[in-house]
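These are my notebook entries on a single protein chain. I set down what I looked up, in the order in which I looked.

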Amino acid sequence: MNLHEAATAVLSYALQSGLLLVVGLVLPRLIRLRHPRTLLFYWRVLLIVVLLLPFAPLDWARQAPIPYLALEGVHVEEVVTTTLPATVQGLSWQIVLLIATGVAALGILRLVLGVGYLNRCRRQARPLAPTPAPVSKVQEQLGLEVPFLVSDHLTAPLTYGWLRPTVLLPDSFCDLTADQQEGVACHELLHVRRRDWPITFLDEIFRAVVWFHPALWLIPPRIALAREQVVDADTVRLTGKRRQYLDALWRVVCSSQHS
């Protein structure tokens, strides 16, 4: 594949995936799709379709061979391609590949530093002892024996870990009421049961590698929002304490903004 063919293929892919992306982003608004679980499934399918569908072989989209002229038995196309310096084409693609690889390496480095920071937070955190009754209640209800740790470096609760998942809590968790603690604990344990952290981590790796595709910047935030909405709905359903849970979320947000 020469430079012209490669550029044509890239442009065709960009146009097809761009059109799919625009239609896919607008469609939920047109059909008023609001159900969190359905939206989560929709955004994930859309991401796969936008990234892979333009690669599907379509017979009707195949272009006919480029016509050429012949002058005294010499093809014009052959003359042009043989007279262009090969080093120019190679150098151009090398520069593009080097830039793309460099940006991807920076994205991977950011992830590595983030994981290192979370590891440090987990090592320096202290166990939530004694375990509050609401936390024990939710652990028994969901059948998950996940350690709860309190970290001085965090302003919001989060779930971390693949093989050994851990719930990391800020100091402000101890100031919540029993009902609010139950809601927060249930929310984080549901993330553990759904294995959201490893899935999110793999998504971030893929996003760092394919950083140049607009879909990787527009769709993942929508996936994350829908995932949180699904967990929120399940938390309210399991605890039956919607008002207390909303109050807990509000206090966590206020605490993180003042820290």
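**Entry 1: a patch on the surface**

I began with the outside of the chain, where Leu-106, Ile-108, Leu-109, Val-112, Leu-113 and Val-209 form a nonpolar patch with about 550 Å² of accessible area together. I note at once that the model is a predicted one. I then asked which helix supplies the largest share of the patch. Helix 4, which spans residues 86–124, supplies that share, with five residues.

I chose one member for a closer look. Leu-113 lies in helix 4, and its relative accessible area is 57%. I record Leu-113 as exposed, because its 57% is over the 50% cut-off.

**Entry 2: the chain as a whole**

Next I looked up the totals. The secondary structure of the chain comes to 10 helices and six strands. The chain has 259 residues, and 32% of them are buried. The exposed area is about 16600 Å², of which carbon and sulfur atoms supply 66%. I also looked up the contacts between residues at least 6 apart in sequence; 69% of these join residues at least 24 apart.

**Entry 3: the nonpolar cores**

I turned to the interior with a general rule in mind: in soluble globular proteins, nonpolar side chains tend to be buried together. The largest nonpolar core here has 20 residues, and Leu-128, Phe-148, Val-167, Leu-169, Phe-173 and Leu-189 are those with the most contacts inside it. At least two residues of this core come from each of helix 5 (133–142), strand 4 (148–150), strand 6 (166–169) and helix 6 (178–194). Helix 6 gives the largest share, six residues.

Which residues does Val-167 touch, not counting those up to four places away in sequence? I found Val-146, Pro-147, Phe-148, Leu-149, Leu-158, Thr-159, Glu-188, Leu-189 and Val-192.

There is also a second, separate core of 18 residues, which includes Leu-39, Leu-46, Leu-51 and Ala-215.

**Entry 4: Asp-196**

My last entry concerns one residue of helix 7, which covers residues 196–209: Asp-196. Is Asp-196 buried or exposed? I record Asp-196 as buried, because its relative accessible area of 6% is under the 20% cut-off.

I then looked up the partners of its side chain. Asp-196 has a side-chain polar contact of 2.8 Å with His-191 and another of 2.9 Å with Arg-194. Leaving aside neighbours within four places in sequence, Asp-196 is in contact with His-191, Arg-227 and Val-231.

How values were computed. Residues numbered from 1 in each chain as written. Predicted model: local features only at pLDDT ≥ 70, side-chain atom pairs only at ≥ 80, totals over all residues. Heavy atoms only, no water. Helix = DSSP H or I, 4+ residues; strand = E, 2+ residues; numbered from the N terminus. Buried < 20%, exposed > 50% of the residue type's maximum accessible area, 1.4 Å probe, protein only. Polar contact = N/O pair within 3.5 Å; in protein donor to acceptor, adjacent residues only side chain to side chain. Contact = heavy atoms within 4.5 Å. Areas by Shrake-Rupley, 256 points an atom, 1.4 Å probe, with all protein chains shown as cover. Patch = residues over 30% accessible without salt bridge, like charges linked within 9 Å, V, L, I, M, F, W, Y side chains within 5 Å. Salt bridge = Lys/Arg side-chain N within 4 Å of Asp/Glu carboxyl O. Core = buried A, V, L, I, M, F, W, Y, C linked by side-chain atoms within 4.5 Å.
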